[in-house]
Structure formats: structure tokens, C-alpha cells
Amino acid sequence: MALDGSGSATVTPADVDGGSTDNCSIASLQFIEQLTAFAEVTEGQTLSITLPAGAVVNTVDFASYGTPNGSNGTYTIGTCHAVDSQSIVESYALGNNSFSIPATNGVFGDPCGGTSKRLYVAVSYTIINNDLTFSCADVGTNNVTLLVTDVNGNTSTCNSIVTVEDNEAPVITCVPNATRDTDPGVCQYTVIGNEFDATFTDNCTSGTISNDFNGTATMAGAILPKGVTTVVWTVNDGNGQTATCTTVITVEDNEAPVITCMPNATRNTDPGVCQYTVVGNEFDATFTDNCPNGTITNSFNGTATMAGAILPKGV
């Protein structure tokens with residue numbers, strides 16, 4: 001049975017009935033559920049359990065006044081245990097929709113004098129339903145019990161397995177492709193907050209999302225180099241369904257370089273000639289830029305240096 005868009009699925013007795021018959025006729029097909037309730041209190045308190053309307057306690061699965069171990073309905077008897085705990089709790093609980101028991105030596109006796117005691121109780125009860133509703137938490141196999149009642153009130157039960165499946169793929173939404181300038185003074189862009197984060201919806205809430213740039217659920221703080229970065233987002237709903245989308249982020253360098261020329265200068269001609277030969281980088285300009293791939297040239301010889309250039313007399 002597949003979950004719907006809201007993450008639920010309803011099964012009726014007819015869905016699991018394999019052809020029940022009766023010598024007279026069948027009055028009803030229903031589901032019967034065996035459920036548990038539990039409570040824990042310390043010595044001197046009152047333990048109370050109230051079941052859903054119409055339900056009564058069928059069995060006491062565990063009862064111990066003393067030092068029982070465990071939690072949440074899974075218990076074991078400890079080193080201190082009042083031997084009549086089971087029968088005393090049964091006298092309060094069986095056949096009742098709700099019950100209260102004082103956790104005191106006056107009710108259970110004192111199984112271990114001088115020790116602080118506690119009372120742990122777990123009980124079972126049944127509920128009859130005309131249908132069962134499953135959720136995302138029930139994905140997989142689920143045991144159900146079919147209750148068949150004939151026109152004379154006779155009943156019979158059988159067990160069946162309902163397999164709940166999540167076949168609905170998540171829906172993922174990517175941010176549109178975008179262009180950003182490099183950060184001031186550097187040749188990269190730092191993503192701000194969730195500006196490039198994808199989002200998704202799904203009928204179940206167990207999904208996770210990640211991107212192939214940093215492997216996380218967010219691009220916040222990611223450093224993107226100048227150029228084109230393609231980010232692929234993938235959502236996995238945890239039940240075998242996936243979806244992907246892509247955002248392309250272009251980082252441009254729109255920051256102008258800063259160039260520095262040598263101050264204007266005067267030189268004498270070289271001895272015996274009517275010209276001057278530039279010495280080293282004495283007239284070379286320099287520059288800085290946020291990106292490292294810039295080049296510099298001059299209009300005199302088309303290169304990056306004036307070293308060795310021969311300048312005629314004059315300006």
C-alpha cells in the first residue's frame with residue numbers, strides 16, 4: 001500500500017480479507033489491535049493509567065514494586081521485588097479502562113527495608129477499528145489482525161502483513177542561475193547565507209538534501225572561484241526516492257586594476273651619443289589587482305619593461 005501525498009494510507013478489512021466464510025453469514029470484518037500502556041512512579045506516589053475510551057486492560061504484562069529496571073514499557077525485575085506485585089496490580093487493573101495504585105508499603109508490603117522503591121507497570125489492551133491508517137513512520141511491513149464476527153456473535157481472527165511503501169518522489173526547487181562580482185580585493189566570491197540553497201517538499205519528513213560542491217545542505221559561506229561553478233543539489237527522501245536540480249553561478253571580475261607609473265624624469269644622453277639607454281626597471285610601471293592573471297605593457301616597445309630601451313634626445 002502506497003502512501004499518498006500527505007504521507008498517509010488507509011487500509012480496510014476488505015483489503016486483507018482472503019475470503020472469510022461462515023456456515024450462517026458474516027456480520028462484520030474489523031481490525032483488532034493489541035496495544036500496551038505503561039507507567040512508572042517512585043515510592044509514595046500514585047501510579048495511574050488511563051486507556052482510550054472503550055478499551056479495558058486485558059493482561060498485566062509487568063508489575064514490580066521494588067527496584068525494577070528499564071524504561072518506556074520494557075522492564076525487568078531488580079534485586080528488590082515484592083512477590084505479590086503482579087497479583088496486586090491485576091486486582092486493580094484487569095477489566096478496567098483506568099486504574100490508580102498507591103506505590104506504598106501499605107499496598108505491596110516492604111520487600112527491602114531501608115531501600116527507596118519504585119513501581120513499574122505495563123499492561124495490554126485491545127482496540128477494534130473499522131480501518132487502519134498508516135503514516136511515513138510505518139514504511140515497511142506491518143502486522144495486522146483481522147477480526148471476523150458472524151451473525152451469532154462468534155468470532156475468529158487471523159494475521160496479515162500490510163506493506164507500506166513511499167513511492168512519491170520529493171519535489172526539489174533550485175535557485176535560478178545567477179551572476180556575482182568577486183569580493184573586493186580578492187578573486188573569489190563568498191556565498192551569503194542561503195542565497196543559493198535549494199529547497200524541497202515531500203509527503204514524508206525524513207528527507208535530506210545536499211549539494212556536490214561541499215557535500216552539505218547549504219552553500220552558506222562557500223568560496224566560489226572566478227568563472228562558472230555548477231552546483232548539483234540532490235534530495236533523498238529516505239525511502240528510495242530522489243530528485244535533483246542544478247544552479248549555475250558565474251563569478252565575474254569587474255574590479256579594475258590599480259596601476260602606478262614612475263614620476264616624470266629627466267636624463268642626460270649617454271656619453272658620445274645623442275640618446276639615452278634605460279637602465280633596468282627605472283621607468284617600469286607596476287600594478288595590483290584582485291585577480292592574479294593581469295598583464296602590463298607600454299606603448300613604446302609593447303612589452304612589460306622599458307629596460308634597455310633607447311630613448312632619443314627630446315621628450
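**Note on the predicted structure**

1. N254 is placed in the loop that runs between strand 19 (242-252) and strand 20 (258-260). The model under discussion is a predicted one. N254 has a relative accessible area of 52% and is therefore exposed, since the class begins over 50%. Two polar contacts of its side chain may be noted. One, of 2.5 Å, joins the side chains of N254 and D181; another, of 3.4 Å, links the side chain of N254 to that of E252. In addition, N254 and P184 are 70 residues apart along the chain, and their C-alpha atoms are separated by 9.7 Å.

2. A second loop residue to examine is P292, found between strand 22 (286-288) and strand 23. Is P292 buried or exposed? Its relative accessible area is 77%, so P292 is exposed. The C-alpha atoms of P292 and A53 are 76 Å apart in space, and the two residues are 239 residues apart in sequence.

3. The segment before strand 1 (8-11) contains G5. Which residues does G5 touch, once neighbours within four places in sequence are left aside? They are E168 and N203. From C-alpha to C-alpha, G5 and D202 are 7.7 Å apart in space, although 197 residues apart in sequence. The student may find it useful to set this pair beside P292 and A53, which are 239 residues apart in sequence and 76 Å apart in space.

4. T67 sits in the loop between strand 4 (57-66) and strand 5 (69-71). With a relative accessible area of 13%, T67 is buried, because the limit for that class is under 20%. A polar atom of the T67 side chain lies 3.5 Å from the backbone nitrogen of T79. T79 also appears among the contacts of T67 beyond four places in sequence, together with G78, C80, T115, S116 and R118.

5. The next loop, between strand 5 and strand 6, holds N72. N72 is exposed, as its relative accessibility is 57%. Its backbone deserves attention: N72 is not a glycine, yet it has a positive phi of about 50°. Most residues other than glycine have a negative phi.

6. T74 belongs to strand 6 (residues 74-76). What is the relative accessibility of T74? The value is 61%, so T74 counts as exposed. T74 and A122 are 48 residues apart in sequence, and their C-alpha atoms are 8.1 Å apart in space.

7. Strand 8 includes S124, which offers a contrast in exposure to the two preceding residues. S124 counts as buried, because its relative accessibility is 5%. The side chains of S124 and D61 form a polar contact of 2.4 Å. D61 is one of the residues in contact with S124 when neighbours within four places in sequence are set aside; the others are Q34, L35, T36, V56, V57, N58 and T59.

8. Helix 2 covers residues 85-93, and its residues S85, I88, V89 and A93 are buried. How are these buried residues arranged about the axis of helix 2? Viewed down that axis, they fall within an arc of 125°, and so they line one face of the helix. The partners against which these buried residues pack are strand 4, strand 7 (98-102), helix 3 (105-108) and strand 8 (118-129). Just after helix 2 comes G95, with a positive phi of about 80°.

9. The largest pocket holds about 820 Å³ of space. Its lining consists of 29 residues, and those closest to the centre of the pocket are A265, F283, M306, L311 and V315. Which elements give two or more residues to this lining? They are strand 21 (275-277) and strand 23 (310-312). By class, the lining has 15 nonpolar, 11 polar and three charged residues.

10. Some of these points may be read together. Strand 8 is among the elements that the buried residues of helix 2 pack against, and strand 8 is also where S124 is found. Strand 4 is another of those packing partners, and the loop between strand 4 and strand 5 is the place of T67. Strand 23 gives two or more residues to the lining of the largest pocket, while P292 lies in the loop between strand 22 and strand 23.

Note on methods. Residues are numbered from 1 along each chain as its sequence is written. Side-chain values use heavy atoms; hydrogens and water are left out. On a 1 Å grid over the protein atoms alone, a cavity is a set of points where a 1.4 Å probe fits but cannot get out, and a pocket is an open set with protein on both sides within 12 Å along at least five of seven lines; lining residues have an atom within 4 Å of a point. Grid points are joined across faces, edges and corners, and a volume is the space filled by probe spheres set on the points. Helices (H or I, at least four residues) and strands (E, at least two) are DSSP runs, numbered from the N terminus. Ala, Val, Leu, Ile, Met, Phe, Trp, Tyr, Cys and Pro count as nonpolar, Asp, Glu, Lys and Arg as charged, and the others, Gly among them, as polar. Buried means under 20% relative accessible area, exposed over 50%, partly exposed in between (1.4 Å probe, protein chains only). A polar contact is a pair of N or O atoms within 3.5 Å; within protein, one must be able to donate a hydrogen and the other to accept it, and residues adjacent in sequence count only if both atoms are side-chain atoms. Contact means heavy atoms within 4.5 Å. The arc is that of the directions from the helix axis to the C-beta atoms.
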